[in-house]
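Student: I've got a new structure to get to know, and I'd like to do it by asking you things. Let me pull it up.

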Amino acid sequence: MPERGGDGDLSVRFWGTRGSLPMPGPDTVVYGGNTCCVEVRLGTRLFIIDAGSGLEAAGRSLPGTARIDLLLSHLHHDHVSGLPFFSPILKEKGSLRIFCGNQGGASAKAALDSMFAPPLFPVTLDVLPGSIEHVGFRAGETLSFEDGVRVATCPLRHPGGATAYRFDHGGRRVCYVSDMEHLDAGPDLDVVNFCRGADLVIYDAMFTESELPRCRGWGHSTWNAGVELCRAAGARTLAAFHHHKGHDDAALAGIEASLAAALPGSFVAREGQTLVYRARQAAVAAAQEA
Ligand SMILES: [Zn+2]
Ligand SMILES: [Zn+2]
């Protein structure tokens, strides 16, 4: 794993890359079986994006006293199912702030309280020893944090809505764009502007072009549309993300070869993969290692 944590570095670690449903097993060991969870560090400043089943392993990597800011793209199961298993809220001194964007600006508390309660779940989240705070906002607002860090957001085309997040640090830019359905007419200009000049766009590439026609309206996209978006935005690389439950390692390796040929440096995100983008002034290319 590349060394992380330099003040100027922007780093990304994939804890869960799958969409819809965890798919552990011998056919998913390369690209991963856990659902959406990504760690982003601006220097030492940590954000976790989405709380799919990958969140459990992310939590084990963190101290129990951690105060964590979790940014949710939306509330579908594959983005929140790891929440009650996140170790920082299983310890007395841990605390979690959950940010959720939507059209109305309401927090996610009511929805998560109904999802994690009997008979759907054995306990409610408020019995966990750590503290949980909910913050709602309108997708499209820029989030401002106490330490001066700002994170831009953008609403996405998805059933019930979803929120994209953009991280800028050390002259580097990483965008998290999942879940999203693209338009036939070409890239959504709001999303293009949001991703302008990004070093990396983490993108909902759940379907192939041949699968898409029968899955229109399900709220997901293809790597081909992601490449179009990157080209329109002048973004350098794409990480195909939110892998289809039926795409095994062999299928994803094939997609990765085509993707890297279309937009060099692009790849299919792998669980456990870490990328470090050194500050621009350091003039060191991004390191990439599985
Ligand atoms: Zn999803
Ligand atoms: Zn979704």
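Student: In what order do the seven strands of the open sheet stand?

Tutor: Heads up, this is a predicted model: local features need pLDDT (the predictor's confidence in each residue, from 0 to 100) of at least 70, side-chain atom pairs count only at pLDDT 80 or more, and totals for chains, interfaces and linings use all residues. Strands are DSSP runs of E, at least two residues long, while helices are runs of H or I, at least four long, and both are numbered from the N terminus. Two strands pair if DSSP finds at least two bridges between them. Pairing in this sheet is mixed, and the order is β7-β8-β9-β10-β11-β12-β13.

Student: Which strands stand at the edges, with a single partner strand each?

Tutor: Residues are numbered from 1 along each chain as its sequence is written, with chains lettered from A and ligands numbered from 1 in the order in which they are written. An edge strand here has a single partner, so one of its sides is left without a neighbour in the sheet. That fits β7 (142–144) and β13 (267–268).

Student: Which residue stands opposite Asp 204?

Tutor: Start with strand β11 (residues 200–204), which is joined to strand β12 (residues 237–241) by five bridges. Those two strands run parallel. Across in β12, the residue opposite Asp 204 is Phe 241.

Student: How does the chain cross from β5 to β6, and what is the handedness of that crossover?

Tutor: Eight bridges join β5 to strand β6 (residues 131–138), and the two run parallel. In between, the chain passes through helix α2 (residues 109–115). For handedness, point the strands away from you: if the path from the first strand over the helix to the second runs clockwise, the crossover is right-handed. This β-α-β crossover comes out right-handed.

Student: How many helices and strands does the chain have, and why call it as compact as a globular protein of its length?

Tutor: Count five helices and 15 strands. The radius of gyration is taken over C-alpha atoms, and the globule rule is 2.2 Å times the number of residues to the power 0.38. For 290 residues that rule gives 19 Å, and the chain is close to it, so it is as compact as a globular protein of that length, at 18 Å.

Student: What share of the residues is buried?

Tutor: Look around each C-beta atom, placed from the backbone: 20 or more others within 10 Å means buried, 12 or fewer means exposed, and in between is partly exposed. Of the 290 residues in the chain, the buried share is 48%.

Student: Which helix gives the most to the largest nonpolar core?

Tutor: Such a core is a set of buried Ala, Val, Leu, Ile, Met, Phe, Trp, Tyr and Cys residues joined through C-beta atoms within 7 Å. The largest one has 74 residues, and Val 177, Ile 202 and Ala 240 are among those with the most contacts inside it. The biggest giver, with six residues, is helix α4 (residues 223–233).

Student: Is Asp 50 buried or exposed?

Tutor: Asp 50 sits in the loop between β3 (45–49) and α1 (55–60). Its phi is near 70 degrees, a positive value in a residue other than glycine. With 28 C-beta neighbours inside 10 Å, Asp 50 counts as buried.

Student: Which residues does Lys 91 touch, leaving out those up to four places away in sequence?

Tutor: Lys 91 lies in the loop between β4 (67–72) and β5 (95–102), and with 17 other C-beta atoms within 10 Å it is partly exposed. Contact means that the C-beta atoms of two residues, placed from the backbone, lie within 7 Å. By that test Lys 91 touches Gly 64, Pro 129 and Gly 130.

Student: What is omega for the cis peptide bond between Ser 178 and Asp 179?

Tutor: Asp 179 is in the loop between β10 (172–177) and α3 (189–194). Another cis bond joins Pro 118 and Pro 119. For Ser 178 and Asp 179, omega is about 5 degrees.

Student: Where does pLDDT stay under 50?

Tutor: Over the chain, mean pLDDT is 93, and 95% of the residues reach 70 or more. The stretch you want has 17 contacts beyond four places in sequence in the model. There pLDDT stays under 50, over residues 282–290.
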